[in-house]
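Reader: I should like to learn how to read the packing of a protein model. Could we work through the case displayed here?

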Amino acid sequence: MHAIATPLQPDPTQDIPFYAPVGNECTLFEYAYERGLPLLIKGPTGCGKTRFVQRMAARLGKPLYTVACHDDLTAADLTGRYLLQGGETRWVDGPLTRAVREGGICYLDEVVEARKDVTVVLHPLTDDRRLLPLERTGELLQAPPEFMLVASYNPGYQHILKSLKPSTRQRFVALAFDFPQPEIETDVVARESGLARDRCAALVSLAGRLRLLKGQDLEEGVSTRLLIYCASLIAAGLPILEAAQATIVEPLSDDDDVKYGLREAILASFG
Ligand SMILES: Nc1ncnc2c1ncn2[C@@H]1O[C@H](COP(=O)(O)OP(=O)(O)OP(=O)(O)O)[C@@H](O)[C@H]1O
Ligand SMILES: [Mg+2]
């Protein structure tokens with residue numbers, strides 16, 4: 001199983017990805033970067049974690065290697081392996097090793113899904129040693145000051161078997177994300193979807209009401225991502241109620257009673 005690595009080389013001709021700061025997260029990221037500290041971002045799905053990391057990597061002008069962690073991901077998927085190429089065995093760096101060698105940012109998404117052998121590799125890299133041992137090649141890489149490890153996960157889905165050990169957690173500076181405040185979320189939805197701001201404001205205020213259902217009927221509140229989908233379909237010409245059905249009601253639940261409740265709330269706002 002190979003890791004999904006997305007090297008996003010900064011391109012000075014391309015715009016830095018749009019990200020609307022919600023608090024002090026940009027400053028905190030920059031300080032952590034300067035000080036060589038790893039960063040852990042926790043937050044619900046679709047609240048801007050990935051976009052934030054993309055933005056910060058671009059702003060710092062560093063290549064970004066994103067790895068989606070899952071329970072089949074091995075330490076070798078991150079560090080690298082010997083591969084047979086044209087009759088020869090050749091060592092190929094994994095995304096973590098490349099980020100360390102190049103002085104880039106390695107972003108481990110859904111890090112709680114990673115197996116124990118993966119977290120073991122992270123330990124010497126995420127404390128003051130900043131070392132990546134490559135047992136297979138016999139190398140011991142010292143991470144340069146430009147290297148940063150960022151990890152994220154959604155505490156909402158966490159269950160006891162899939163939590164980070166304290167010895168792993170306590171190696172990171174941690175930042176809690178949530179959905180942006182209504183004013184900011186409205187800006188984000190309008191900018192990403194192209195829908196008029198006042199119409200986006202109505203969707204954001206609906207989202208605020210629906211998010212109150214989290215925990216009772218819903219596992220997760222409606223994400224900023226879904227609001228952007230909804231606004232994009234409305235901007236494309238789909239009637240509001242149809243757009244909301246397809247981007248809010250159906251993605252949030254399979255339960256008929258819950259879906260009924262969501263539709264009622266939507267009708268009360270837009271019916
Ligand atoms: N503060 C923000 N500034 C700009 N865009 C934002 C912000 N918050 C959310 N978004 C938008 O919301 C959408 C989802 O964001 P993103 O993909 O970063 O979520 P995520 O937290 O990484 O979700 P997941 O945990 O599911 O991967 C993107 O289109 C992103 O632009
Ligand atoms: Mg993400």
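Author: Let us start from a single residue, bearing in mind that the model is predicted. Leaving aside neighbours within four places in sequence, Leu149 is in contact with Pro38, Leu39, Leu96, Cys106, Leu108, Leu122, Thr126 and Phe172.

Reader: What does the largest nonpolar core contain, and which residues have the most contacts inside it?

Author: In soluble globular proteins, nonpolar side chains tend to be buried together. Here the largest nonpolar core has 30 residues. Those with the most contacts inside this core are Leu96, Cys106, Leu108, Leu132, Phe147 and Leu149. At least two residues of the core come from each of β2 (64–68), α3 (75–79), α4 (95–102), β5 (105–109), α5 (116–126), β6 (131–134) and β8 (148–153). The largest share, 4 residues, is supplied by α5. Apart from this core lies another, of 29 residues, including Cys200, Val204, Ile228 and Ala244.

Reader: How should one read the packing of two helices, and at what angle do the axes of α8 and α9 cross?

Author: One considers the axes, then the residues that make the contact. The axes of α8 (residues 197–211) and α9 (residues 224–236) come within 10 Å and cross at roughly 140°. Angles over 145 degrees would count as roughly antiparallel; α8 and α9 are therefore oblique to each other. The crossing of α8 with α9 is right-handed.

Reader: Which residues make the contact?

Author: From α8 come Arg199, Cys200, Leu203, Val204, Ala207 and Arg211, and from α9 come Thr224, Leu227, Cys230, Ala231 and Ile234. The residues of this contact comprise 8 nonpolar, 1 polar and 2 charged.

Notes:
Residues numbered from 1 in each chain as written. Chains lettered and ligands numbered in written order. Predicted model: local features only at pLDDT ≥ 70, side-chain atom pairs only at ≥ 80, totals over all residues. Heavy atoms only, no water. Axes fitted to C-alpha atoms, helices over the stretch in contact; angles between N-to-C directions. Parallel < 35°, antiparallel > 145°, perpendicular 65-115°, else oblique. Left-handed = near helix turned anticlockwise from the far one by under 90°. Contact = heavy atoms within 4.5 Å. Nonpolar A, V, L, I, M, F, W, Y, C, P; charged D, E, K, R; others polar. Core = buried A, V, L, I, M, F, W, Y, C linked by side-chain atoms within 4.5 Å. Buried < 20%, exposed > 50% of the residue type's maximum accessible area, 1.4 Å probe, protein only.
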